[in-house]
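Morning, everyone. I'll take one model today and walk through it piece by piece. Have a look at it first.

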There are 2 protein chains.
Amino acid sequence: MDTAERLIESTRELLWERGYVGTSPRAILQRAGAGQGSMYHHFSGKEDLALAAVRRTIDQMRATADVLLSAPGAAPERITSYLRRERDVLRGCPVGRLTMDPEIIANSRLRQPVDELFGWLRRRLADVVAEGQARAELDPGLDPEATAAAVAATLQGGYVLARAAGSPEPFDHAVDGILALLTCPAT
Amino acid sequence: MDTAERLIESTRELLWERGYVGTSPRAILQRAGAGQGSMYHHFSGKEDLALAAVRRTIDQMRATADVLLSAPGAAPERITSYLRRERDVLRGCPVGRLTMDPEIIANSRLRQPVDELFGWLRRRLADVVAEGQARAELDPGLDPEATAAAVAATLQGGYVLARAAGSPEPFDHAVDGILALLTCPAT
DNA sequence: GTCTATAGGTTGATAGAC
DNA sequence: GTCTATCAACCTATAGAC
């Protein structure tokens with residue numbers, strides 16, 4: 001792994017753990033085992049490096065979600081496998097975490113990829129819901145967009161509740177709750 | 001409003017906007033119009049002042065939620081009025097925001113009140129769900145705890161989606177989605 | 001109770017040697 | 001490409017005058 005690569009990976013970890021405001025170039029360099037010159041050679045500064053890190057995290061998240069949501073099988077099962085996929089719940093969502101950062105939200109270059117990921121996710125989930133309705137796997141009375149937003153929000157909020165509790169239990173409960181609501185009338 | 005009061009209020013605002021990591025004593029003092037001596041006279045330091053601010057925010061949140069969830073009326077209506085109460089969605093939840101802060105989570109004194117609030121909220125919502133089931137207003141097959149966690153998570157996740165989008169729309173969508181799921185089999 | 005002065009460390013960035 | 005040296009500004013806290 002070359003230096004630029006190590007810088008991006010260290011930044012990804014620190015953005016996840018501490019956010020943009022809480023992450024200093026110095027901490028990134030220390031973790032990457034690089035000097036200051038390396039960073040300012042490969043990137044124009046903290047913002048530029050963070051953008052590279054955010055883009056990579058988001059590409060990974062989208063790919064992971066797409067595999068699970070595009071798998072063969074019924075819509076409720078695909079949504080279940082997405083919500084129940086293995087997660088390090090107490091670390092939180094590396095993308096959702098960024099939305100609480102004032103300097104990410106204030107900076108349109110940094111916010112844009114985050115916006116795109118959640119926009120894509122809601123559309124993708126809405127498509128799965130609509131497919132499920134067409135195949136009589138889900139209640140045809142549901143609004144696909146609203147249902148998709150509720151599913152995505154439950155996931156993000158589950159992280160919040162779990163971190164507050166210091167335990168993954170509220171996350172698992174929330175996922176159980178939304179899945180029961182989603183599948184109860186259809187079965 | 002005396003100096004200690006202004007310090008607490010300024011801290012509450014800044015914790016909401018920027019989190020604990022992103023808030024400096026200097027910024028608090030500037031906003032409160034106080035000098036450094038005042039802060040270290042009334043509080044032992046940043047942590048102590050933040051604790052006072054967090055406790056006050058949490059007391060307010062609990063009181064507001066309790067009024068809406070304890071109002072007369074059917075369970076679905078009370079949950080609806082809680083989820084649809086006026087909110088400054090793009091500012092996010094002042095308590096949920098704290099769960100993304102590494103130094104809040106790592107500090108048990110600061111995390112404790114946050115933990116208590118969400119624990120209380122989930123129990124309160126579960127009680128409302130159970131009451132609704134007893135009065136045949138909600139599907140008796142639902143697990144009250146899981147349903148309550150899903151409702152609380154939708155709220156918290158709604159803020160995340162809205163801030164990512166730069167618009168309250170995903171929040172409103174998520175709330176519509178969870179309420180439709182909750183009330184559809186009962187009606 | 002509040003102020004200013006000061007401390008030792010960190011932030012994000014630049015300069016220039018190698 | 002990577003390093004160290006340096007910068008002005010800021011961080012959290014303490015000291016001590018008023």
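Start with how the two protein chains relate. This is a predicted model. Chain B goes onto chain A by a rotation of 180°, with 0.0 Å of shift along the axis. The RMSD of that superposition is 0.0 Å. So what we have is the relation of a two-fold axis. Which surface does each copy use? The same one serves both: 100% of the contact residues of chain B recur in chain A.

Now a single chain. Chain A has 9 helices and 0 strands. Read from the N terminus, the order of elements is α-α-α-α-α-α-α-α-α. Its C-alpha atoms fill a box of roughly 60 × 30 × 30 Å along the principal axes. Chain A has 187 residues, and 53% of them are buried. Then look at contacts in chain A with a separation of 6 or more: 68% of these join residues 24 or more positions apart.

On to the DNA. Take strand C. How many residues surround DNA strand C? The count is 16, and the closest are S24(A), P25(A), T3(B), G35(B) and H42(B). Both chains are in that list. Of the atoms of DNA strand C that come within 4 Å of the protein, sugar and phosphate account for 65%.

Some individual contacts on strand C. Q36(A) places a polar side-chain atom 2.8 Å from a base nitrogen. T3(B) goes to the backbone of the DNA: an N or O atom in its side chain is 2.6 Å from a phosphate oxygen. H41(B) also has a phosphate oxygen of strand C by its side chain, with a polar atom at 3.4 Å. Which elements give two or more residues to this surface? They are α2 (25-32) and α3 (36-42) of chain A, plus α3 (36-42) of chain B. The top contributor is α3(B), with 5 residues. By class, the surface near strand C holds 3 nonpolar, 11 polar and 2 charged residues.

Next, strand D. Here too, 16 residues surround the strand. The closest are T3(A), G35(A), S24(B), P25(B) and R26(B). Sugar or phosphate supplies 62% of the strand D atoms within 4 Å of the protein, and bases supply the rest.

Three phosphate contacts to point out on strand D. G35(A) uses a polar backbone atom, 2.4 Å from a phosphate oxygen. S38(A) uses a polar side-chain atom, at 3.0 Å from a phosphate oxygen. In S24(B), a side-chain N or O atom is 3.1 Å from a phosphate oxygen. The elements giving two or more residues are α3 of chain A with α2 (25-32) and α3 of chain B. On this strand, α3(A) gives the most, with 5 residues. The classes divide into 3 nonpolar, 11 polar and 2 charged.

Last topic: cysteines. How many disulfides does the structure hold over all chains? The number is 0. C93(A) is in no disulfide, and the nearest cysteine sulfur is that of C93(B), 17 Å away. Why is C93(B) unpaired? Its closest cysteine sulfur, in C93(A), is 17 Å off, and that is too far for a bond. Are these two residues buried or exposed? C93(A) has 5% relative accessibility, so it counts as buried. C93(B) has 3%, so it counts as buried too.

That's my tour. Questions, please.

Key
Residues are numbered from 1 along each chain as its sequence is written. Chains are lettered from A and ligands numbered from 1 in the order in which they are written. This is a predicted model: local features need pLDDT of at least 70, side-chain atom pairs count only at pLDDT 80 or more; totals for chains, interfaces and linings use all residues. Side-chain values use heavy atoms; hydrogens and water are left out. A residue is near a molecule or strand if one of its heavy atoms lies within 4 Å of it. A polar contact is a pair of N or O atoms within 3.5 Å; within protein, one must be able to donate a hydrogen and the other to accept it, and residues adjacent in sequence count only if both atoms are side-chain atoms. Helices (H or I, at least four residues) and strands (E, at least two) are DSSP runs, numbered from the N terminus. Ala, Val, Leu, Ile, Met, Phe, Trp, Tyr, Cys and Pro count as nonpolar, Asp, Glu, Lys and Arg as charged, and the others, Gly among them, as polar. A disulfide is a pair of cysteine sulfur atoms within 2.5 Å. Buried means under 20% relative accessible area, exposed over 50%, partly exposed in between (1.4 Å probe, protein chains only). Copies are superposed by least squares on the C-alpha atoms of residues with pLDDT of at least 70 in both. Contact means heavy atoms within 4.5 Å.
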